Amino acid sequence: MTDDLIAFITARLDEDEQLASTAGAACGCHPGDTFATWTWTDPHIQAGQHTVLGGWDWTTAVDDEVGKHIAHWDPARALAEVETKRRILDLHAPLGWYGPNGPMCSTCGKTGRPGDEDVVVRWPCDTVRLLAMPYATHPDYHEEWRP
């Protein structure tokens, strides 16, 4: 289960990163830009004006609240989310040794509280399981990964 879960989450993050990068390149935004400061490369598309992008007329296809949602989840934000999740996954990697019940989470591991020395958080910890949850509808998701 250890390798499968890591591979699953990594593959989904790779997909998210590719989609965000492709979307950012398609609309001419630069890394680090936010929706409000995107630089449009198509002279017919101007931020804040009547905008047709990818065949969609965004000024009539979505209302203000949906537009705000789309802007909130812009490519730069999506890429930052991917990077954050990769770092969390790295922080919660399985330790290199395996006890009788499997690996221990490198971050959660032992509680470190007096009297709790024997309490061990096995890998995958709930943090790693939670990283997989947004992809629970993916056909490769395994129900035993659910926290």
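Four aromatic residues, Phe-8, Tyr-135, Tyr-141 and Trp-145, come together as one aromatic cluster in this predicted model. A search through the whole structure turns up four aromatic pairs. Take Phe-8 and Tyr-135 to begin with: their ring centres sit 6.4 Å apart and their planes meet at 80 degrees, so this pair is edge-to-face. The two partners come from distant parts of the chain, with Phe-8 in helix 1 and Tyr-135 in the segment after helix 5, 127 residues apart. Phe-8 has a relative accessibility of just 4%, and because the cut-off for buried is under 20%, Phe-8 counts as buried. Tyr-135, with a relative accessible area of 11%, is buried too.

Phe-8 also pairs up with Trp-145. Here the ring centres are 5.0 Å apart and the planes are at 45 degrees, so the pair is tilted. Since Phe-8 belongs to helix 1 and Trp-145 to the segment after helix 5, this pair ties together parts of the chain that are 137 residues apart in sequence. Both Phe-8 and Trp-145 are buried.

Next comes the nonpolar core. Nonpolar side chains tend to be buried together in soluble globular proteins. In this model, the largest nonpolar core contains 15 residues, and the ones with the most contacts inside it are Leu-5, Phe-8, Ile-9, Val-128 and Ala-132. Three elements supply two or more residues each: helix 1 (2-27), helix 4 (75-91) and helix 5 (126-132). Helix 1 gives the most, with four residues. Leu-5 shows what such contacts look like: leaving aside residues up to four places away in sequence, Leu-5 touches Trp-123, Pro-124, Val-128, Ala-132 and Trp-145.

Another residue worth a look is His-92, which is found in the loop between helix 4 and strand 3 (94-99). With a relative accessible area of 10%, His-92 is buried. Again setting aside residues up to four places away, His-92 touches Cys-105, Ser-106, Thr-107, Cys-108, Trp-123, Cys-125, Thr-127 and Val-128. Trp-123 and Val-128 thus turn up among the contacts of His-92 as well as those of Leu-5.

Now for the chain as a whole. The protein chain has five helices and four strands, and reading along the sequence gives the pattern α-β-β-α-α-α-β-β-α. Of its 147 residues, 26% are buried. The accessible surface comes to about 9400 Å², and carbon and sulfur atoms account for 57% of that. Among contacts with a separation of 6 or more, 47% are between residues 24 or more positions apart.

How far can each part of the picture be trusted? The pLDDT, the predictor's own confidence, averages 74 over the protein chain, and 56% of the residues score at least 70. Confidence is highest in helix 5, at 96, and lowest in strand 1 (residues 52-53), at a mean of 44. Over residues 34-61 the pLDDT is below 50, and in the model this stretch has 36 contacts beyond near neighbours in sequence.

Methods
Residues are numbered from 1 along each chain as its sequence is written. Side-chain values use heavy atoms; hydrogens and water are left out. Buried means under 20% relative accessible area, exposed over 50%, partly exposed in between (1.4 Å probe, protein chains only). Contact means heavy atoms within 4.5 Å. Accessible areas come from the Shrake-Rupley method with a 1.4 Å probe; for residues, only the protein chains shown count as cover. A nonpolar core is a set of buried Ala, Val, Leu, Ile, Met, Phe, Trp, Tyr and Cys residues joined through side-chain atoms within 4.5 Å. Rings of Phe, Tyr and Trp (its six-membered ring) pair if their centres lie within 6.5 Å; planes under 30 degrees apart count as stacked, over 60 as edge-to-face and the rest as tilted. pLDDT is the predictor's confidence in each residue, from 0 to 100.
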